Structures are given as structure tokens and as C-alpha cells.
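Work through these exercises with the model open beside you. Try each task before you read its solution.

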Amino acid sequence: MDAPLLSSPPEPIGHRIKFQLDGLGQSPAWLAEKAGVPRSTVHRILTGDRNPTPDTLQLLAPVLGVTLEQLVAGTDAAERVKEAQNLVSREHYDEAIRQLIEFERNATNLAARLRETEEALRGERDRRQRAEGKLESAERERDEACLAAKRNERDAQRYREALERAVADVARLQTQVRELGEAVGEGERTNRVAAILAGVAAVASLATYLTSEPGAGRQTPGASTQSTSKKAANGGPRARRRKQGRAG
């Protein structure tokens, strides 16, 4: 029966670093200077008095011309480096915290700008509603003014027509006045004078033109004169009695 194979213990990291230095033909002092590590630290690592941290090994590996993984492979530092790689470094942690703070600051600023934008939007909406209300009020006033203008136009038309009729009647009145003067001057009969005076009275008042609609059954001065003339021609009761007395 074969005896179980025993695994060899890992190589001390100090031996691996010394082997790399010998291959380069350099001294521990040279390594400490190039890596920026104290000489005492390098000396204690080489003698095995100190286990180097993963950060220290990260500084030494490039100077020795190898990567960190190549430097620690098969050594007693390999497990420590592997565990450290699974952890977040202090530098990365601080950077993550800084970015988180920056993100929170930006989020706060964006939230403030969003509130300002919403307030401005509400103000603009209120101004628009007020403007729409004023516009509706102006449109109502415009419609009312249009209606009033139409009423005024109708009234003006009615007044113009009444004025035209009044002018025509005044012309007839002037003619009748001249006839009256001629009748009086010639000493004509009283019944013709009365007929002319009745025609004058029919056109004496302009109120009859302004208070009545055009053509609303208003009797023209000529018709009034003709009616009055017929009455005067027939004579009143006194005239009939005088005719009867003369006939007897």
C-alpha cells in the first residue's frame, strides 16, 4: 500500500522576494528605494520577521518585474492577498462614499430645481387662467357693444326717416302758409281758411315723428288737410242753419 503524498509547505514570501532580487542582481536597499518602502520593512520581510501586507506587496511586485499574482503564487502570502482582493480597499471605500455624497447633493439640487419649475408652472397656469377670464370678459363686452351699436343704428335710421318726413311736411306747411296768406289777402271764404289752418296743425309737432314707427298708420298732413277741407266744405251746424235760412 502506497503512503499518502504530503503536500509541500508554501514558500515564505521573503524567500520569493530574495530570489527575485538575486535574479535582478539588486540589493534590498535598492528595492526599498525604488518601491518607496522603508529599508527596515524590506529587511524584516526578507528575514521572515514580518508578513507583508497586500498593499506593500503591491508596491514591491512592479519593481521586481512581476505582477502581484506572480509574486505571491505558491507562497504563504497568497491566501492573504486573495482575501484582501475580495475586500474593498479603504481607498475604494472612500471613493464610493465621496461619489455617494456627490450623488445625494446632485439629487437635492435637482429636487430643488424641480420644485422651482413646478411653482413657476403653477404661476404660469394661474396667469393663463386670469388672462382667459379677462379675454372672455372682453368678448362679452364686445358682444354687448355690438348689440348696442345695432340698436343705435336702428334708432338712428328711424330718426333719419322721421326727419325726412318732417322736412317734407315742413315744405308742405310752408306751401299751406303761403296759400293761407293769399286767401286772407284775397278775402276768400272762411271755410277755406279753416281747412288750411287744420293742415298747419297736423304738421305742427315734430314729436309725432320721433315717437312713432315709420309707416305705423300715421296720417299724412295732406290727408289730414283733405279730411279737414271736406269737413270745412260741408260746414258745421251753423253753416247748415245759415244755408237753410237763406233757402227759406
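## Exercises on a helical chain

Reading along the sequence, the protein chain runs α-α-α-α-α-α-α-α-α-α-α. Keep in mind that this is a predicted model.

**Exercise 1. Count the helices and strands in the protein chain.**

Step 1. Go through the secondary structure: the protein chain has 11 helices and zero strands.
Step 2. Add the burial: of the 248 residues in the protein chain, 20% are buried.
Step 3. Look at contacts with a separation of 6 or more. Residues 24 or more positions apart account for 60% of these contacts in the protein chain.

**Exercise 2. Find which residues of the largest nonpolar core touch the most other members.**

Step 1. Start with the general tendency. In soluble globular proteins, nonpolar side chains tend to be buried together.
Step 2. Now pick out the residues. The largest nonpolar core has 20 residues, and I17, L57 and L71 touch the most other members.
Step 3. Place the core on the chain. The elements giving two or more residues to this core are α1 (13-24), α2 (28-35), α3 (39-47), α4 (54-63) and α5 (68-72).
Step 4. Zoom in on L57. Leaving out residues up to four places away in sequence, L57 touches I13, I17, P52, L68, L71, V72, A77 and V81.

**Exercise 3. Decide how α2 and α4 lie relative to each other.**

Step 1. Take the geometry: α2 and α4 pack at about 110 degrees, and their axes are 9 Å apart.
Step 2. Apply the cut-off: angles of 65 to 115 degrees count as roughly perpendicular. Therefore α2 and α4 are roughly perpendicular to each other.
Step 3. Name the partners. W30, L31, K34 and A35 of α2 meet L59, L60 and V63 of α4.
Step 4. Sort them by class: the contact of α2 with α4 has six nonpolar residues, no polar ones and one charged.

**Exercise 4. Do the same for α2 and α3: what is their orientation?**

Step 1. The axes of α2 and α3 come within 9 Å and cross at roughly 125 degrees.
Step 2. Roughly perpendicular ends at 115 degrees, and roughly antiparallel begins over 145. So α2 and α3 are oblique to each other.
Step 3. Check the hand: α2 passes α3 in a right-handed crossing.
Step 4. P28, A29, L31 and A32 of α2 make the contact with R39, V42 and L46 of α3.
Step 5. The classes in the contact of α2 with α3 are six nonpolar, no polar and one charged.

**Exercise 5. Is T75 buried or exposed?**

Step 1. Locate T75 in the loop between α5 and α6 (78-86).
Step 2. Buried means under 20% relative accessible area. T75 has 5%, so T75 is buried.
Step 3. List its partners. Neighbours within four places in sequence aside, T75 contacts P10, E11, I13 and R16.

Methods
Residues are numbered from 1 along each chain as its sequence is written. This is a predicted model: local features need pLDDT of at least 70, side-chain atom pairs count only at pLDDT 80 or more; totals for chains, interfaces and linings use all residues. Side-chain values use heavy atoms; hydrogens and water are left out. A nonpolar core is a set of buried Ala, Val, Leu, Ile, Met, Phe, Trp, Tyr and Cys residues joined through side-chain atoms within 4.5 Å. Buried means under 20% relative accessible area, exposed over 50%, partly exposed in between (1.4 Å probe, protein chains only). Helices (H or I, at least four residues) and strands (E, at least two) are DSSP runs, numbered from the N terminus. Contact means heavy atoms within 4.5 Å. Axes are lines fitted to C-alpha atoms, for helices over the stretch in contact, and angles run from 0 to 180 degrees between N-to-C directions. Angles under 35 degrees count as roughly parallel, over 145 as roughly antiparallel, 65 to 115 as roughly perpendicular and the rest as oblique. Ala, Val, Leu, Ile, Met, Phe, Trp, Tyr, Cys and Pro count as nonpolar, Asp, Glu, Lys and Arg as charged, and the others, Gly among them, as polar. A crossing is left-handed if the near helix is turned anticlockwise from the far one by less than a right angle, and right-handed if clockwise.
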